[in-house]
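Here is a protein chain to look at. The questions below ask how its labels are earned.

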Amino acid sequence: MSKKLTGKVALVTGGSRGIGAAIARALADDGADVAISYAASEEKAKAVVDTLRAKGVRADAFKADQANPDEVNGLVQAVVLAFGHLDILVNNAGVFTLGQVHDRANNLGEIDRMFAVNVGGVATAVRAAAPLMSDGGRIISIGSVVGESTPFAGAADYSATKAALLGYTRGWARDLGPKGITVNTVQPGPIDTDMNPAGNGEFSDAQKAATALGRYGTADEVAAAVAFLASPSSGYITGTTLTVDGGLNA
């Protein structure tokens, strides 16, 4: 019996760990061939690829710095060359840094890089991929609930990067709708990953208490939302945001 993404090729940026790796596994479970990108974690990327291939799909990993437009363009071209086409682009790669606007100790280089990865890298990937995608293509970006609210001091710049994705999603949906390509954002809340572990003391306890479900989410729960938006079942959903936050913003 054919799976719903059999014959499709997906690219998941930042797919070597955490949410990205879970997304890659979910798409492979649905039959897609999957390419992942990584910036530094080559061994982790190879381990993910081995897991994907064990599911019976084609898979490979490509090194690319999402802050570098030339490398992002090269990534998309390399995936198409290796797999023959591209149907699903998941913009998952991202970085996080804190800094209050009045703090002269801020590392502005880190903030600039965050914008380059979280916004510029996504825009470059979409511009590279969209002309190569056909009717039924899917573009899904991983945002954050802080794209709509900023619950603690120092997160303004990160919030701004994720808010930019919401604007791009709506605009790109209009641009690419005539091509039959849908564009959506998945917006996680507190998810148990290396970057935001559920056992992180008072900080994680406060996040759990703020959710309606009283717990952190899992990377697999975010991946399930992405897999739905990548599937034929989501063909009439575009320009919107699917929030996976356990009721944090309820």
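Q: What makes the link between the backbone oxygen of G14 and the side chain of N92 a polar contact?
A: The backbone oxygen of G14 lies 2.9 Å from a polar atom of the N92 side chain. A polar contact is a pair of N or O atoms within 3.5 Å; within protein, one must be able to donate a hydrogen and the other to accept it, and residues adjacent in sequence count only if both atoms are side-chain atoms. This is a predicted model: local features need pLDDT of at least 70, side-chain atom pairs pLDDT 80 or more, while totals for chains, interfaces and linings use all residues. Numbering starts from 1 along each chain as its sequence is written, and side-chain values use heavy atoms, without hydrogens and water.

Q: Why is N92 called buried?
A: Its relative accessibility is 12%, so N92 counts as buried (under 20% relative accessible area, with exposed over 50% and partly exposed in between; 1.4 Å probe, protein chains only).

Q: Which residues does N92 touch, beyond those up to four places away in sequence?
A: They are V12, T13, G14, I19, G20, I23 and I142. Contact means heavy atoms within 4.5 Å.

Q: Where is N92 found?
A: N92 is in the loop between β4 (88–91) and α4 (108–129). Helices (H or I, at least four residues) and strands (E, at least two) are DSSP runs, numbered from the N terminus.

Q: How do you know that β4 and β5 pair?
A: Four bridges join β4 to β5 (residues 138–142), and the two run parallel. Pairing takes at least two DSSP bridges, so they pair. V90 stands opposite I140 in β5.
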